[in-house]
Amino acid sequence: MKSSSAAAAVRARGPYQMSVRRWKAHITRFCVSCGLAVYAVVTLYPLIWLYLSAFKTNEEFYAHPFGLPQSWQWSNFARAWEVSGMGLSMLNSFIVTTLSLALTLLLGALAAYILARFTFRGRAFIHLLFVLGMLIPIHSTLVPLFMMMNQMGILNTYAALILPYTAFELPIAIFIVAAYLANIPKEMEEAALVDGCGYTGIFTRIMLPVSLPALATVAILGFLRFWNDFAFALVFINSPALKTLPLSLSVFATGYSTDYKLTMAALGMAALPTIVIYILFQEQVMKGMAAGAVKG
């Protein structure tokens, strides 16, 4: 009798314990969702504040910096575009960024393929040199680079930005892509060689398509760095016809005052390409970062 009553008590307690676990899971999920929602609001608020401020007058910006605009000043965007010459500077930034990304992806993919798929003397040392390249403080090289480019005669040209951008982005590109390629099965290459495909064909037809997530990660990281760079453009570019987007944003601030309504409007327009590209390719970025972290 005692054993049967104990078994009945256990059976009766089972649904109760399952209900408690289910409620705990719901509460945990709710707390996590609330925490993520708060984090999202905190993260997005500076962007929201930027666009709200772009519609204000300077008087409203000083009087109510965190409030809504009393009257939405759409003319701020047209005025900011005209004063800063943003059309020309955005074109220059697009040219520099596109060419720098093309060189970075091409050279980075080639170097990563050699380092990840071939065995030769000195490979580890060369790989280490590229990894150490990520530790170099970029802005500490401004003076020697300026002197070098002045001797080469390429200051105030697109090459003055494209070459340093590519050189400083190559280490991270090689690191990410090589880590991704390192664990691709050797059988894929062996089968291609048996079918008569050379190493060039293996690289273009197999390795490049397979490594698209890693290349997308490199492209997004490089785009953000090239598009937003100010220091290199300030030092290496003096011609108004070649100024990039970050340089055009500096015209609204002088040593005595800052036109905040135009500054915010210009920043809002400058940030749009970055936001759109990240939204379009965020899935590839996450896949590439995760794959690079796991497969290294």
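# Reading a predicted helical chain

Guide: Let us start with a single residue, I275, which lies in helix α13, a helix that spans residues 260-295. Please keep in mind throughout that this is a predicted model.

Visitor: Is I275 buried, exposed or partly exposed, and which residues does I275 touch?

Guide: The relative accessibility of I275 is 26%, so I275 counts as partly exposed. Leaving aside residues up to four places away in sequence, I275 touches L47 and Y51. One can also look at separation along the chain, for I275 and L224 are 51 residues apart in sequence, while their C-alpha atoms are separated by 9.9 Å.

Visitor: Where does S248 lie, and what does S248 touch?

Guide: S248 is placed in helix α12, which covers residues 245-249. This residue is buried, because its relative accessible area is 0%, and the cut-off for buried is under 20%. Not counting residues up to four places away in sequence, S248 touches S84, S89 and K243.

Visitor: Stepping back from single residues, how many helices and strands are there in the protein chain?

Guide: The protein chain has 13 helices and zero strands, and, read along the sequence, its pattern is α-α-α-α-α-α-α-α-α-α-α-α-α. Buried residues account for 35% of the 296 residues in the chain. The chain exposes about 17,600 Å², and 72% of that area is supplied by carbon and sulfur atoms.

Visitor: What share of the contacts in the protein chain joins residues at least 24 apart?

Guide: If we take the contacts between residues at least 6 apart in sequence, 73% of them join residues at least 24 apart.

Visitor: How should I read one helix by itself, and which residues of α6 are buried?

Guide: The general idea is that an α-helix has 3.6 residues a turn, so residues three or four places apart point the same way. In this structure, helix α6 covers residues 142-152, and L142, L145 and M149 are buried there. Seen down the axis of α6, the buried residues fall within an arc of 65°, so they line one face of the helix.

Visitor: Which exposed residues does the other face of α6 carry, and what covers the buried residues?

Guide: The face of α6 turned away from the buried side carries the exposed residues V143 and Q151. The cover over the buried residues of α6 includes α7 and α11. Just after α6 comes G153, which takes a positive phi of about 75°.

Visitor: How do I read a pair of aromatic rings, and how many aromatic pairs are there?

Guide: A pair of aromatic rings is described by the distance of the centres and the angle of the planes. In this model the count comes to 14 aromatic pairs. One of them is formed by Y165 and F226, and this pair is stacked, with 5.1 Å from centre to centre and 15° between the planes. Y165 lies in helix α7 (residues 159-181) and F226 in helix α10 (residues 212-228), so the pair ties together parts that are 61 residues apart in sequence. Both partners are buried, Y165 with a relative accessible area of 6% and F226 at 5% relative accessibility.

Visitor: What kind of pair do F168 and F232 form?

Guide: The ring centres of F168 and F232 are 6.0 Å apart and their planes stand at 65°, so this pair is edge-to-face. Distant parts of the chain are linked here as well, since F168 is in helix α7 and F232 is in helix α11 (residues 231-236), with their positions 64 residues apart in sequence. F168 is partly exposed, with a relative accessible area of 21%, whereas F232 counts as buried at 2% relative accessibility. Ring pairs also link Y165, F168, F226, F232 and F236 into a cluster.

Visitor: How many disulfides are there, and how far from C31 is the nearest cysteine sulfur?

Guide: To read such a case, one compares the distance between two cysteine sulfur atoms with the cut-off, which is within 2.5 Å. The count here comes to zero disulfides. C31 is in no disulfide, and the nearest cysteine sulfur, which belongs to C34, is 6.5 Å away. Seen from C34, the closest cysteine sulfur is that of C31, and 6.5 Å is too far for a bond. C31, at 48% relative accessibility, counts as partly exposed, and C34, at 33%, counts as partly exposed too.

Notes. Residues are numbered from 1 along each chain as its sequence is written. This is a predicted model: local features need pLDDT of at least 70, side-chain atom pairs count only at pLDDT 80 or more; totals for chains, interfaces and linings use all residues. Side-chain values use heavy atoms; hydrogens and water are left out. Helices (H or I, at least four residues) and strands (E, at least two) are DSSP runs, numbered from the N terminus. Buried means under 20% relative accessible area, exposed over 50%, partly exposed in between (1.4 Å probe, protein chains only). Contact means heavy atoms within 4.5 Å. Rings of Phe, Tyr and Trp (its six-membered ring) pair if their centres lie within 6.5 Å; planes under 30 degrees apart count as stacked, over 60 as edge-to-face and the rest as tilted. Accessible areas come from the Shrake-Rupley method with a 1.4 Å probe; for residues, only the protein chains shown count as cover. The arc is that of the directions from the helix axis to the C-beta atoms.
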